[in-house]
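Student: Could we go through this model together and test the words used to describe it against the cut-offs behind them?

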Amino acid sequence: MSFHATVLTLFPEMFPGPLGISLAGRALEQGIWSLEARDIRASSTDRHRTVDDHPAGGGAGMVLKPDVLAAAIDAAAHEGPRLLMSPRGEPLTQPLVRELAGGPGCLIVCGRFEGVDERVIEKRNLREVSIGDYVLSGGEPAALVLLDAIVRLLPGVMGKQASGEEESFEGGLLEHPHYTKPNNWEGVEIPGILLSGDHKAIAKWKQAQREALTRARRPDLWQVHESGKI
Ligand code: SAH
């Protein structure tokens, strides 16, 4: 079973983009996942191929029309949940990525302009997902971020399956620092414990580093981690 992503966008030429290269690109070639980018504009019905209109009640910018977007969604055979990339959506987190990667696929709607007509979100049951507290000019880079995070978790994509499990956010902590040869670089040594061969001590060191980093840099994550211990 492979993961199938359907993306609805006004700019299908943005896909697969960076996901056609390296890890994700290889997995795409191998058929571990598949991607269909569909042009929302193909669902417009008038002579001018209109996809947007002025916001009701006034205000700046344009809004994606509900009839056109709904027609695009209805025409797209797709697997799994329907997502809308949106700055007011639920934050994209590693547990959400894991949940999606465990399913058959997803449909991703990329907004443009000021966003999409609220009624499509309701009527087509779109789950709004945000990649962070900042505003992009379109949902396409957000969709690429989401798919990149999903694809690397699909079975067979990462060389060593285990490397997905020791990383940042798995277990609610940031990752410990990494080192590689040379042992002494610009006068700085690799921490001796990592060269000791004592696997138990190394695991303990990594865990302590993860805790210290998380506490210092992400008090929000640390608080959740601590409250989970009770
Ligand atoms: N007027 C909107 C922003 C529209 S930005 C507002 O203030 O909320 C245009 C499109 O870019 C959005 O429809 C959405 O699809 C995408 N987008 C912008 N920022 C995003 C973010 N942080 N996460 C996910 N998608 C985003």
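**Strand pairing and helix crossings**

Tutor: Let us begin with strand β5 (residues 82–91), which runs parallel to β6 and is joined to β6 by four bridges; please keep in mind that this is a predicted model.

Student: What makes β5 and β6 a pair?

Tutor: Two strands pair if DSSP finds at least two bridges between them, and four bridges join β5 to β6, so the condition for a pair is met. Within this pairing, Met85 stands opposite Cys110 in β6.

Student: How do you know that β1 pairs with β6?

Tutor: The reasoning is the same kind of check: five bridges join strand β1 (residues 3–9) to β6, and these strands also run parallel, so the requirement of at least two bridges is satisfied. Here Val7 stands opposite Ile108 in β6.

Student: Why is strand β6 called mostly covered?

Tutor: A residue counts as buried when its relative accessible area is under 20%, and in β6 (residues 105–110) six of six residues are buried. Gly105, Leu107 and Val109 point one way from the strand, while Cys106, Ile108 and Cys110 point the other way, and all are buried.

Student: What do the buried residues of α2 pack against?

Tutor: In helix α2 (residues 66–75), the residues Val68, Leu69, Ala70, Ala72 and Ile73 are buried, and the buried residues of this helix pack against β1, β5, β6 and α4 (118–123).

Student: Why is α3 called roughly perpendicular to α5?

Tutor: The axes of helix α3 (residues 94–101) and helix α5 (residues 140–151) come within 9 Å and cross at roughly 70°. Angles of 65 to 115 degrees count as roughly perpendicular, which makes α3 roughly perpendicular to α5. The contact is made by Val97, Leu100 and Ala101 of α3 together with Leu146, Ala149 and Ile150 of α5, and by class it has six nonpolar, no polar and no charged residues.

Student: Why, then, is α6 called oblique to α7?

Tutor: The axes of helix α6 (residues 199–217) and helix α7 (residues 219–227) come within 6 Å and cross at roughly 125°. Roughly perpendicular ends at 115 degrees and roughly antiparallel applies over 145, so α6 is oblique to α7. The contact is made by Glu211, Thr214, Arg215, Ala216 and Arg217 of α6 and by Pro219, Leu221, Trp222 and His225 of α7.

Student: How many residues of each class does the contact of α6 with α7 have?

Tutor: By class, the contact of α6 with α7 has four nonpolar, two polar and three charged residues.

Notes:
Residues are numbered from 1 along each chain as its sequence is written. This is a predicted model: local features need pLDDT of at least 70, side-chain atom pairs count only at pLDDT 80 or more; totals for chains, interfaces and linings use all residues. Side-chain values use heavy atoms; hydrogens and water are left out. Buried means under 20% relative accessible area, exposed over 50%, partly exposed in between (1.4 Å probe, protein chains only). Helices (H or I, at least four residues) and strands (E, at least two) are DSSP runs, numbered from the N terminus. Axes are lines fitted to C-alpha atoms, for helices over the stretch in contact, and angles run from 0 to 180 degrees between N-to-C directions. Angles under 35 degrees count as roughly parallel, over 145 as roughly antiparallel, 65 to 115 as roughly perpendicular and the rest as oblique. Contact means heavy atoms within 4.5 Å. Ala, Val, Leu, Ile, Met, Phe, Trp, Tyr, Cys and Pro count as nonpolar, Asp, Glu, Lys and Arg as charged, and the others, Gly among them, as polar.
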